[in-house]
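Me: I'd like to practise reading features off a model. Can you take me through this one, starting with the aromatic rings?

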Amino acid sequence: MPLLTDRKTQSQYDVIVVGSGAGGGMAAMILALSGVKVLMVEAGRNYEPATETPMFNTPEMAPLRGDRTPVRPFGHYDATIDGGWQVPGEPYTNKAGTEGAFWWWRARMLGGRTNHWGRISLRFGEFDFIPKSRDGLGVDWPISYGDIAPWYDRVEQLIGVYGENDGIANAPNSSPGVLLPPPKPRLGELMAKKSCKQSGVPIVAAHRAVLSQPLDWKNLPAQLFPGNAKAQEIIGKDMMLRAPCFWATDCIRGCSIRANFQSTTVLLPPALATGNLDIITDAMVREVIMENGKAAGVHYIDKKTRRDAVVKARIVILAASSCETSRILLNSKSQDKAGLANSSGQVGKNLMDSVGTTLGAHIPALENAPILNEDGAGGLHVYSPWWLVNEHSKLGFARGYHIEMGGGRRMPQMSSFSRLDQTSPGIYGSKLKEEAKRYYGASFSFSGRGEMVPNKDCYTELDPQVVDQWGIPVLRFHWKWSDHEIKQAEHMQQTFAELIEGMGGKASPKSGRDAIQRPGEIIHEVGTARMGANAGDSVTNQYCQTWDVKNLFLMDGSVLPSNPDKNPTLTIMALAWRSCEWLMGEMKAGNV
Amino acid sequence: MSENLSRRHALKWLAGTVAAPVALKAAPGETEPAPPAYPQRYTLHDPDFSKALPGPWDKLMTEAELKTTTALADLILPKDEHGPAASEVGVPAFLNEWISAPYEKQREDGEVIRGGLAWLNTECFKRHAKPFEELTTEQQSAIVDDICGLEKPKPEHRIGAAFFKTFRQLCLGGYYTHSATWKGLGYIGNISLGGPYPGVPQDIIEKYGLQDVA
């Protein structure tokens, strides 16, 4: 894959896009396919999935058999390179008095965090856009589900999402023919489905950005880019080159055959094929520069040489990830002391992550199960959408969660045999091998991913004392869960215990406060520069355009006014595509 | 996310080991003060997946410790009809790598393992005036039976029992994370398949009574 790392740039671009992940990759591709000259500025290093993806590597080829370590929190083969909750030389801090230390995951690499994720691609539903109208908490979005539904269709068709239309309230159907067929459930997933049926919890096909069959490269391009022959040709060729999943290896390692979605394999190649996109990597943006009240470009540190540099364009799009985008705004002080585009005072506010907790157990019925290849799509095949949409008055907490699940015979890891301490103490020799075989793959776990309500105690701001190794002031976080999240985690634990017992396992649920995972640990942080209907209480309008600076746009998770239980990546892409189409209209009309 | 990750420890370790100072290197032909070069790639943080990368840290075990480790690992996971011996798939070298790693969890295990190996050989010396690896299989088993945890260990065997538990768990992990053991275990993945994912065969669906949800 050709990547422009010779650090040559033209003197003037139409648009600068900061960041190369879901939002930045999508924005750059849509604009470039439409003939707009784009410069992408990425803080991380160049990354080439074709040569750097260890898809079939086995644990014995890795340090510590690939086990998780403080520097490789998801194991050695995780596709996040040069990143993690800690990045050397790029600290962040927590404010005195915070109740929970926020963990900030970053991926300093081309494609950002789209290289490592679960590929779970759930649409926000009708109710998710009007949370305040439904329960009085948080804010409503400036758009409805109907406004974004066509863009969800387009994104799903472009990237390829498997799933089914189940007609479940607030878990929207896609338009007919949009979704790819889901893979069949694994044995443990079928057992979970049976248990869920007894408990009244629906289990349906998961929606994941993985090709279960080749994309319809003959017809889709014309549907996605009507009237744009060049875009159709480029996208058609590119879709033809994407292989469907071959049911092996973990998606979190990345996918060199391009079966699953990552910005580096799906968005950037066609964007580069247009000839309208230049990319510079290792370019750490410090601030947006302003001239005559308009954004004029960005000031970055060239990490290769440690020199400051400026690039200019008519339009600036920040898509650096939620918190990094806010950090750039707060560090852009050319306009006023509170940071750029912050007349509402909302930049850095309303930081959210998903509510997460997990419960797993040994399932006796899975002991010595028939030997099956259970790799599958490298992630879950089924999931449970939130099923108590209309019962919140009985639950005692706001909003809901979906359930992810997993187990069975996956590639052995260091932790796969820890259960033998309890089941088979004292055994060694050939008998121990028989025990290992008997218990391997006989565990199953449920994980909740729930919606948190934005609150005034969860925010980020600049640390007045600390800078990173590039001399840029760092973020300081403050966090406090509300009772809604704690009670929700408690409900998750109780539900999972019931489901595990329905499968014949013994569960030990924890209290909500003990079970809730750390803020930032689920890596779904959004908010900090929310969109809204009024300039007074939001940072951007519904098209991700900042109210204060007409040619400055934010196209990542920062603009989300709420954080529904659904993983945010799909929505970030749909919003970016929609906003770019609007932006091009504004450019043509001479408004920006 | 690993329950083992402690952010405090991660920070401490990063501060101490990884965040090396940026090297100052004069660029040729520079007239103004040369900017510091871009830091070298952090091999752990940003690994090269095209290379097998054993831990880039010094290994702590002595040759004598490795010999005892090999003998005990092969007693726990011997060569048999289920698969190779632990030493045939590199478990002793793995244990050495593990206990030498610069992370909190591994350091804690390392103290248990190295102290335990010494305890084991002292016990062998007392009983037979020989190190563990020079005993007969029967003699080895007699000692291991005292510490394996099948029965409550006597007070004088408690240290040995704590050691054996950690040692056995690490052996299991190291053994089954080697691809040469997978056939005997029943893992048949990591192989590309064409066409749709086959799913669970009908006879197994029926055996487990899952017809109504399949």
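Me: Which residues do ring pairs link into a cluster in chain A?
Reply: A pair of aromatic rings is described by the distance of the centres and the angle of the planes. In this predicted model, ring pairs join Trp386(A), Trp387(A), Phe397(A), Tyr401(A), Phe444(A), Phe446(A) and Phe496(A) into a cluster.

Me: How many aromatic pairs turn up over all chains?
Reply: A search of the whole structure gives 38 of them. Take Phe129(A) and Trp141(A): their centres are 4.8 Å apart with 70° between the planes, and that counts as edge-to-face. Phe129(A) is in the loop between β5 and α3 of chain A, while Trp141(A) is in the loop between α3 and α4, so the pair ties together parts that are twelve residues apart in sequence. Phe129(A) is buried, with a relative accessible area of 1%, and Trp141(A) is buried too, at 6%.

Me: And what does the pair of Tyr428(A) and Phe164(B) look like?
Reply: Edge-to-face again, with 6.2 Å centre to centre and 70° between the planes. Tyr428(A) belongs to the loop between α11 and α12 of chain A and Phe164(B) to helix α6 of chain B, so this pair joins two chains. Tyr428(A) and Phe164(B) are both buried.

Me: Rings can have charges over them as well. Where does the charged end of Arg134(A) sit?
Reply: Over the ring of Phe127(A), 3.8 Å from the ring centre. You can find another case at Trp151(A), where Arg154(A) lies over the face at 4.1 Å from the ring centre.

Me: Back to the two chains, then. How many residues of chain A are in contact with chain B?
Reply: 94 residues of chain A touch 93 residues of chain B. Together the chains bury about 8,100 Å², and 61% of that is on carbon and sulfur atoms. Five salt bridges are found across the interface of chain A and chain B. For a salt bridge to look up, try Asp80(B) with Lys433(A), whose side chains meet at 3.1 Å, N to O.

Me: Let's do strands. In which sense do β11(A) and β14(A) pair?
Reply: Strands of a sheet pair through backbone hydrogen bonds, either parallel or antiparallel. Here β11(A) and β14(A) (residues 443-450) are antiparallel, with eight bridges. To get your bearings, start from Ala361(A), whose bridge partner in β14(A) is Phe444(A). That Phe444(A) is one of the rings in the cluster we began with. Strand β11(A), residues 355-362, is mostly covered, with six of its eight residues buried.

Me: What is the strand order in the open sheet of three strands?
Reply: The order is β4-β16-β15 in chain A, with mixed pairing. β4(A) and β15(A) are the edge strands, each pairing on one side only. Let's split the mixed pairing into its parts. β4(A) and β16(A) run parallel and are joined by two bridges; there, Thr93(A) has Arg476(A) as its bridge partner in β16(A). β15(A) (residues 459-467) and β16(A) (residues 473-478), in contrast, are antiparallel over five bridges. One place to check this is Val467(A), which has Pro473(A) as its bridge partner.

Me: What do β15(A) and β16(A) form?
Reply: A hairpin, with five residues between the strands. In its turn, Gly471(A) has a positive phi of about 80°.

Me: What about a positive phi away from glycine?
Reply: Most residues other than glycine have a negative phi, and most peptide bonds are trans. Ile523(A) has a positive phi, near 60°. Look for Ile523(A) in the loop between α14 and β17 of chain A, where it is buried, with a relative accessible area of 15%. In chain B, Asn190(B) has a positive phi of about 60°. Asn190(B) is in the loop between α7 and α8 of chain B and is buried as well, at 13% relative accessible area.

Me: Last one: how many helices and strands does chain B have?
Reply: Eight helices and zero strands. Of its 214 residues, 46% count as buried. For the contacts in chain B with a separation of 6 or more, residues 24 or more positions apart account for 57%.

How values were computed
Residues numbered from 1 in each chain as written. Chains lettered and ligands numbered in written order. Heavy atoms only, no water. Pairing = 2+ DSSP bridges. Helix = DSSP H or I, 4+ residues; strand = E, 2+ residues; numbered from the N terminus. Phe/Tyr/Trp six-rings, centres within 6.5 Å; stacked < 30°, edge-to-face > 60°. Buried < 20%, exposed > 50% of the residue type's maximum accessible area, 1.4 Å probe, protein only. Lys NZ or Arg CZ within 6 Å of the ring centre and 35° of its normal. Contact = heavy atoms within 4.5 Å. Buried area = accessible area lost by both parts, 1.4 Å probe. Salt bridge = Lys/Arg side-chain N within 4 Å of Asp/Glu carboxyl O.
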